[in-house]
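Good morning, everyone, and thank you for making the time. Please have a look at the sequence and the structure before I begin.

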Amino acid sequence: MAINREILDKLIVQKEKITHLIIQNKNFAAESSEIVFSDVPVSRPTTRGGVYFSDTTAYKAKILVTDFSISQLLSQAMLGPNTEFAKIQLVPESIPVQIFANLTNYVQKSTGIELNLTIMHTLSK
């Protein structure tokens with residue numbers, strides 16, 4: 001599956017909000033979100049840990065979820081404790097596209113849980 005750069009660039013320019021995300025068939029509302037195109041800390045395209053391919057740049061999302069029950073699913077969703085990433089679907093507010101991402105890390109704060117994700121592919125609806 002591929003990334004539709006045109007759609008993701010449109011989401012970035014329009015500052016489109018991700019309204020919710022879906023992990024293991026459970027919906028979680030997004031309090032705030034941001035999508036960016038940025039560098040990845042590798043000097044050349046590479047297969048990381050023999051598990052996934054990483055280019056030198058990637059589309060990334062930062063999403064704040066205030067529903068702390070999501071924390072029960074996060075360790076099952078990211079690489080590290082598991083041999084593969086769980087597929088996380090991001091749902092934008094008004095553009096009809098399915099966005100799938102991998103959870104790279106998260107930080108629990110008093111205001112909620114901040115998820116950092118790398119967008120892996122998109123599907124037009």
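I will talk about one helix, and then about the core and the strands.

This is a predicted model, in which local features need pLDDT of at least 70 and side-chain atom pairs count only at pLDDT 80 or more, while totals for chains, interfaces and linings use all residues. Residues are numbered from 1 along each chain as its sequence is written, and side-chain values use heavy atoms, with hydrogens and water left out.

Let us start with α1, where helices are DSSP runs of H or I with at least four residues, and strands are runs of E with at least two, numbered from the N terminus. Which residues of α1 are buried, meaning under 20% relative accessible area with a 1.4 Å probe and protein chains only? They are Ile 7, Leu 8 and Leu 11, and because they cover an arc of only 95° around the axis, taken from the directions from the helix axis to the C-beta atoms, they lie on the same side of α1. The face turned away from that side carries Glu 6 and Val 13, which are exposed, that is, over 50%.

The largest nonpolar core, a set of buried Ala, Val, Leu, Ile, Met, Phe, Trp, Tyr and Cys residues joined through side-chain atoms within 4.5 Å, has 30 residues. Elements that each supply at least two of its residues include α1, β7, β8 and β9.

Turning to the strands, β8 and β9 pair in the antiparallel sense over 12 bridges, where pairing requires at least two bridges found by DSSP, and they form a hairpin with two residues between them.
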